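Student: I should like to learn how to read the features of a structure that is new to me. May we go through them one at a time?

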Amino acid sequence: MLTRIAKTDYEQELRKFLNELKNRELNSSTQIGLAAVRLIKKLIGESKWTTAGELLEILKKEEKSLFECIPNETNVRNIWKRVIKIIKDESVVIEQRNQTQIDSLQGNLFQSNICQNLSLSHNELKPIMIEALSEIIIELESAVASIASQSVEHIYENEVIFTMGKSQTVEAFLKYAARKRRFHVIVAENAPYLDGHEISSNLQKAGLDVTLITDSAIFTIISRVNTVIVGTKSIFANGGLKAHTGTHSLALAAKHHNIPLIVCSSLLKLSPEYFANTNNLPELLPCDDVLSSNFQPNLTVLNPSFDYVPPELVNLFIFNTTKTAPSYVYRLIREMYAIEEDEDEFF
Amino acid sequence: MSSQNNQSQTSENQTEQQKSKADLRRERRVKQEEQRAKKATTAASTMPKKSSQPEKPVSANLKQDDAKTSHNVSNESKNKDLVFETAPVKLKLNRKEDLAESQSFNTKPKLFHHFEEYKRDYSITERNSLENSSIHPNFLKLGLQSAHDLISCSNSRCIGFLYALKQFIIDLKFPSNSSKTLSEYIESKLKPNINFLTQCRPLSVSQGNAIKEMKHIILHLPVNISETEAKDLLVEEIDKFVEEKILLAAETINKYILADVNSIISGTSYAQSKISDNDTILIFGYSNLVNRILIEAKQRFQNIHVIVVDSRPKYRGKKSLEKLLKYDIDCSYILINGISYIMNRVNKVILGAHALMANGYVMAQIGSSQIALVAKAFNVPVIACCETYKFADKVQTDALVKNELGNPMDLLKNENKAMQNEKPFLAKDEFTSQIGENLNLLNLIYDVCSPELINCLVTDMGMLPCTSVPVVLRLKNRDSTRTGLKNEPIIRN
């Protein structure tokens, strides 16, 4: 796919997007999400389709080829699937305009979500899609602020909070609480990329007392901590996390001492996939970041890109609209993504 | 120095009571300056040519027994040809940059104020007059090497201490007119050396136990013994300690783990080796005991795979890696944040220990308890290895009640050569100013692992559960009170 000459605007945009991902220029999930939405907008705008059915085919085809290049970017895939669901929903709504929908578990069993009639025309659907995409953009941009505004309910005076990994959401969460409460934050460095340094610098500027520790000191320090608050890269369908490396051992340490683990994330990070799928194993990032390859040429150096945290270790999810336990995540996924009954994957 | 000051003050008060207090103070100050200048010139004239350090009088901070007697005896007890290593001098000069930086930061976080401050941000030798001090050059060398982290392994520090002690005893000259007994004399001479070592770096448990043992032996020297006989005896005891408790202990631990059928271990045979062929073994950091086990295992079983886990800021695992690769052992390398990724492929975890507490807790390099926890979650057995001389009578339940702090500025260094151009965020100039009041760096050195996370403890007394530590201590105490001087082999009940 990348060897084709970029003929259309969409392909140019795609090329740019993939390069930015590779060079790690897109720093936060929000930026990645916004870039993905721009990409979809271009695709919908440029490709030739007349009915909803054709548009769905185009999107599904692009998705398959795109995610062969970037199998680990779950958030991009989520947004893609969200858009597909929106198209299907709109078709269903128009089809069943006069019927009332019983949106319950039993109702879903007896109703067919597969839309038989995907014949919405281009003219009808396009404005709806553009509106839907701008809604997604608004949600992406406002997610961090709405999660942060909930922080005052979870952080109390004179607490010790522990955080780890690079997360814009958690940073905003803590900064918002810092305006109203005095508490202490302990940040783990998170080798090899040392994200903790940046976070601790930003938090200290916001007026918090921050202590920076090494990764190896996590189990030691955590007995003095009241709550652990982390962000995540994405959330699997069973409530498990795809988080920064080191989060699993942090979660185990927190469980050992019975300290609550709170995960702050926007709803768009919820993914209908499971960890057990083979394309979900952690890819290995450049080993040079860990140990210079001049050290010994034939040495295996491992640098996993993410950690899987099972749902039993997570106590609470704070989303932009709701707060749930990991066990309820399935319902949110049901509402967000469409189910294809003839395919074995969520789609 | 302070006693001399007092004398001058009282004499002045008696003779010149007419003058005002301010005048008296001025005169006193002038006199002190003169005395100091005098001392500096005399010291400079007798200084060996190789040393290039400025001479300063012994500061009042340095706790010494008798300032006067030490000055008198120091010239006799030391070798006239003082050979100064050039290495310590170079190190001191480099640290001037560290000195400027670290003095302006107060990086101890409020939550951890009970920890002893990391005091090594000044040059120890600047405050000491090397010529007139009573510190033996071997102890000086050991102290500087510990302070600059050239020797970090607890076994090496203990052996270094014992060999310095050996040389110290050989060089010691007992004056015939001394009022003390030989034991008392040796102890008083030894005290400032040990204080110096403690100043350089707090003593490790292994060194503490060795000191206790040696003091016990010195105290129980027979009264009528001659100087040469006493020296021979002490040197023999030191050699025996190193030979039996450190070197032989390591071999015995090896034999317990690898179940060498040809070895004789009190008639019992451990038929099954704890390491099998095609095993994947996980180790953490650097421990020469564990490295030795792996090297021998490689010689027995050709196909073992070792995963070396490493952590910041010291990256001690790299040393392990170099050593293991020399013996052609198949290795992988990963940082501690990635242990969840590989733990399901690991067969066993072998940890080295710095010390063992009397309540069964294992004191080891920081990060070890985290590895043990993750191993337990994945059902991987954890084996801890420790010689019995490192068993301590202390109790500790977690690593925060008592710990040693490392240099907090180490967190700002990135020793990974591949990323040398990228300094850690906080090390960049615009952000270093943030470190201080609200932003603190914590660099702990030790970790305390609870016994429920350790499956087995291998010592030179056998394979024990962690709860057997007080039993071993009781046997050792009974043994030493019974024999007094010569240690008989420990008989197991």
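**Reading the structure**

Tutor: Let us begin with a single residue: E13(A) is buried, with a relative accessible area of 14%, where buried means under 20% relative accessible area, exposed over 50%, and partly exposed in between (1.4 Å probe, protein chains only). This is a predicted model, in which local features need pLDDT of at least 70, side-chain atom pairs count only at pLDDT 80 or more, and totals for chains, interfaces and linings use all residues. Residues are numbered from 1 along each chain as its sequence is written, chains are lettered from A and ligands numbered from 1 in the order in which they are written, and side-chain values use heavy atoms, with hydrogens and water left out.

Student: In which helix is E13(A) found, and which residues does E13(A) touch?

Tutor: Helices (H or I, at least four residues) and strands (E, at least two) are DSSP runs, numbered from the N terminus. E13(A) lies in helix α1 (residues 9-22) of chain A. Contact means heavy atoms within 4.5 Å; leaving aside residues up to four places away in sequence, E13(A) touches R38(A), L39(A) and K42(A). Its C-alpha atom is 13 Å from that of G45(A), 32 residues apart along the chain.

Student: How many helices and strands does chain A have?

Tutor: Chain A has eleven helices and eleven strands. Of its 347 residues, 57% count as buried. Among contacts in chain A between residues at least 6 apart in sequence, 75% join residues at least 24 apart.

Student: How are two packed helices described?

Tutor: Two packed helices are described by the angle between their axes and the distance between the axes. Axes are lines fitted to C-alpha atoms, for helices over the stretch in contact, and angles run from 0 to 180 degrees between N-to-C directions. Here, helix α2 (residues 29-46) and helix α6 (residues 122-148) of chain A pack at about 175°, with their axes 10 Å apart. Therefore α2(A) is roughly antiparallel to α6(A); angles under 35 degrees count as roughly parallel, over 145 as roughly antiparallel, 65 to 115 as roughly perpendicular and the rest as oblique. The residues that meet include L34(A), V37(A) and I40(A) in α2(A), and L133(A), I136(A) and L140(A) in α6(A).

Student: What is a salt bridge, and how many does a search of the whole structure find?

Tutor: A salt bridge is a side-chain nitrogen of Lys or Arg within 4 Å of a carboxyl oxygen of Asp or Glu. The search finds 24 over all chains. One of them joins R77(A) to E273(A), with the closest N and O atoms 3.0 Å apart. This pair links distant parts of the chain, 196 residues apart: R77(A) is in helix α4 (residues 74-95) of chain A, and E273(A) is in the loop between β7 (261-264) and β8 (300-302) of chain A. Both R77(A) and E273(A) are buried.

Student: How far apart in helix α4 of chain A are K85(A) and D89(A)?

Tutor: K85(A) and D89(A) are four residues apart in that helix, so about one helical turn separates them. Their side chains meet in a salt bridge (3.8 Å, N to O). K85(A) is buried at 10% relative accessible area, whereas D89(A), at 33%, is partly exposed.

Student: Which residue of chain B forms a salt bridge with R201(B)?

Tutor: The partner is D149(B), at 3.8 Å, N to O. R201(B) counts as buried at 4% relative accessibility. Salt bridges that share partners join D149(B), R201(B), K314(B), R316(B), E404(B) and D410(B) into one network.
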